[in-house]
Every structure is written in C-alpha cells, then in structure tokens.
Amino acid sequence: MAIFGNLSDMGLLDLIPLLAHQNGRLVLIHKNGNLDIYLSGRRIVCAQEDRRVLSPSQLEERLFALVEQEDGSFEFFRDERPKHQRGCISIPVDELMLKLVTLKDELESVRANLPLPDTVFALANVAVAYSEPELAEFLDRAWPHLTEGASARSLARALGLPLERVRYLLYKLRTLGAIQPKAQKTETTGERRGLAGRLLGMLKRRFRNLSWSL
Amino acid sequence: MEPLKVIVTGPVGAGKSTLIRTLSETEVVDTDAVATEAIGKATTTVALDHGTLRLDGQLLHLFGTPGQDRFDFMWEILSKGALGILLMVRADRPKTIPAARNILDFVVSRTPVPHVVGVTHLDQPRVWQPEEIALFLGTPLERVVGFDPRKPEEAARPLARLLELIGTESV
C-alpha cells in the first residue's frame, strides 16, 4: 500500500495528520523542487529541500507556501530514515500543524485588506514591531530592502518567501505604523501650478454655487 | 493646449462613474458589465469610464478606473502624466475603507501625482466623517473633501480642491 496523490486533491493540512503516526519519508514535489520530510514518533526529525537541510523556520515557510498554493504532488515511503544525523531537528507534528492552521486562519481573516503586491513601503516607527518575535525576525531580514523602499513582490523574491506571507507581514507592520508607503515626490512644475490656478478660476465661474466648505 | 487628465479611482461602489457622468459635458464612455461577485450593485466598471470637461478651451479628460484591485496595473498606467488623482471613499461602508487605503498607498508609492480624497454617501444614517477617514488613511485633512457626486455644484468640489492644492504648492 502506498500513500500518494496531488496536493490539489488532498491539502497538506489533511495529509500531515494522516501521516503523523507513521515513520518514514514524505516527499513533496512542487514547482520549485522536492521537499523530503522524515517523520518519526509524531515528530519531524529531518527536512531537506533538494538535499539541502532545512532549519525549522525554513521548513515552516516552505510548508506554508504549499498550504497556500495547493499545488504539487506527494508520496510517502514508509520506514525510510535520514541517511545521516546532520541537521537533525525535532518538531512535534501537532505543534507544526497548529501553527500552519493558525497562520492560514490569520491570513484568511485579513486577505481582502492585504497591501497590493507592488505598493512600495519604507521604514517608519520600527520600534513597535519588535514586541512580536515573528515581525522582529522578518523586519531584520527585510531591513536593507525597506531602507531603500521595497514592495511585497520584491521582498518575496529577495527573501525567498511566499508572496502572500510577505503581504501579510507587511500588513501587520503597516497596521502598527512600523512601515508606510514610500511617497514619490510629487512633480508639480511652475507651469502646472499656474495652469491649476487658471483652471480653478474657470471652475469657480462655471459652478457658481460651488460650496467650498468640507 | 496640452490635454490634461484627472484619474478618479477608489473601491467598488464609491461613486466614480456617477461623478464622471455628473461632470462630463460629453457623452460618457463606460464599460459596465454585470457584476460577477457580490459587490452590492448589479453592474460595475471593468475597463474605464471616460468623460470630458472643457474649461475656457482647456480640455480636461476624466478617467474612472475599475475598483477591484486586480486592475491595479491600470491605475499606474492611467496615472502617468495626470494632473491629479481623486480617490473616492464611501463613508457608509467601513468595509471598503481599508481597500481605499490600499489603493492610496499604492498610488502614493508608485506615481508622482498629487491626490485628493473624496468622501461620498455622507447623507446616509451611519457614516464615517471625512476627518475620521483622513485619520485612517494617514492623509492631511485638507486633502479630504466630503461631497455628493450626483449634484453638479458638489461634484466639482474635489476637483476644485485638487486645483487649489496644486496652485498653492501644497502637494
């Protein structure tokens, strides 16, 4: 018996609990490569992407991207173990699942209000963001980019993070006032100013009942 | 004389098409289609609205953009070289105010064009006041104008404010 399929048919949030009681290697094949996750005793004990060992936070990012994309395929090889212990981790499956579900729920609740992917943000009152470890970690990584001004799309590319995740983190930072849109300098020439004055005069004559109060 | 354009943008249902119809002296070209999502009205703009206003020989083109953020690429293209941008926000629908802020953030960070905010539907029973919307958007109150886009004498008000700000170097 083999466990295999497509993530579009069975999402990761259904698949991982199913395999949590088993020992073996879960292979996730997605558009950016292969992810090997070794499970043992209800824990993830090793994770590799194209044979590179992943840290717990890198694994979390990759899995969250797959939860979001629902794209790719999977296969589970029972009783396979990592070939060596280098880069071993120990993450309880239940804990990881809870985190992924929470992240997904949080994202869903604000998805309609996420900043647009190409809005350019710059640093503002950053101190407020350091009360939340997740935001602080992201801000540290994004700092050089946000100093110059960066969008969710450019940050996702530069940091290797899923776009929706970056939009969510920027949304939180924007809400806290830690970042703000990087305003482009308005180009108003003397000629335009003169023209605006003349047009305003004409507009006032045209709409004689124009009310000026707010 | 150089043709000028003003871009009218904002979330769905803010009154962008109504404003252009009220101000335009020529027949408005619109691209309404039956709404495929529950947006609170039967039809919505899917490409753009266009109308014109002539002020003593100077032709002013008024372009209304679609409200859905999947059309954000159009906001940037249309804004290039514009005299100004009018962001419209509906005072009685708090749900759309964050979307308005997203549009404003995008516009401010991508285009070097002056903007004003027009607040509509202030005649409804429960509304956000212009100063509350200014606070949420993080924009100076002098750039926020309450008005009714159905009434000609009020529809010109945000345009007048925009011209006033440009003329006095306040943008």
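Begin by selecting A:Val27 in this predicted model, and look across to strand 3 of chain A, where A:Asp36 stands opposite A:Val27.

Now extend the selection to the two strands around that pair. Strand 2 of chain A (residues 24–30) and strand 3 of chain A (residues 33–40) run antiparallel and are joined by seven bridges, and together they form a hairpin with two residues between them.

Keep A:Asp36 highlighted and turn to strand 4 of chain A, where the bridge partner of A:Asp36 is A:Gln48. Strand 4 of chain A covers residues 43–49 and runs antiparallel to strand 3 of chain A, with six bridges joining the two. These strands also form a hairpin with two residues between them, and in that hairpin A:Gly41 is worth selecting for its backbone, since A:Gly41 takes a positive phi near 55 degrees. If you show side chains here, bear in mind that in a regular strand they alternate between the two faces of the sheet.

Next, stay in chain A and select helix 5 (residues 152–159) together with helix 6 (residues 163–176), whose axes come within 9 Å and cross at roughly 120 degrees. That angle makes helix 5 of chain A oblique to helix 6 of chain A, and the crossing of the two is right-handed. To see where they meet, display A:Ala152, A:Arg153, A:Leu155 and A:Ala156 from helix 5 of chain A, which contact A:Leu163, A:Val166, A:Arg167 and A:Leu170 in helix 6 of chain A.

Then bring both chains into view and look at the contact between them, to which chain B gives 33 residues and chain A gives 28 residues. On the side of chain B that touches chain A, the elements that give two or more residues are helix 3, strand 8 (144–146), helix 5 (152–155) and helix 6 (157–167) of chain B. The largest share of that side, eight residues, comes from helix 3 of chain B.

Select helix 3 of chain B (residues 97–110) on its own: at 1.5 Å a residue its 14 residues should span 20 Å, and the end C-alpha atoms are 20 Å apart, which agrees. Of those 14 residues 13 are buried, so helix 3 of chain B is largely enclosed by the rest of the structure.

Finish at B:Ile77, which is found in helix 2 (residues 72–79) of chain B. Is B:Ile77 buried or exposed? With 10 C-beta neighbours inside 10 Å, B:Ile77 counts as exposed. As a last selection, add B:Leu159, which lies 82 residues from B:Ile77 in sequence and 21 Å from B:Ile77 in space, C-alpha to C-alpha.

Technical notes:
Residues numbered from 1 in each chain as written. Chains lettered and ligands numbered in written order. Predicted model: local features only at pLDDT ≥ 70, side-chain atom pairs only at ≥ 80, totals over all residues. Helix = DSSP H or I, 4+ residues; strand = E, 2+ residues; numbered from the N terminus. Expected span 1.5 Å × (residues − 1). Buried ≥ 20, exposed ≤ 12 C-beta atoms within 10 Å, placed from the backbone. Pairing = 2+ DSSP bridges. Axes fitted to C-alpha atoms, helices over the stretch in contact; angles between N-to-C directions. Parallel < 35°, antiparallel > 145°, perpendicular 65-115°, else oblique. Left-handed = near helix turned anticlockwise from the far one by under 90°. Contact = placed C-beta atoms within 7 Å.
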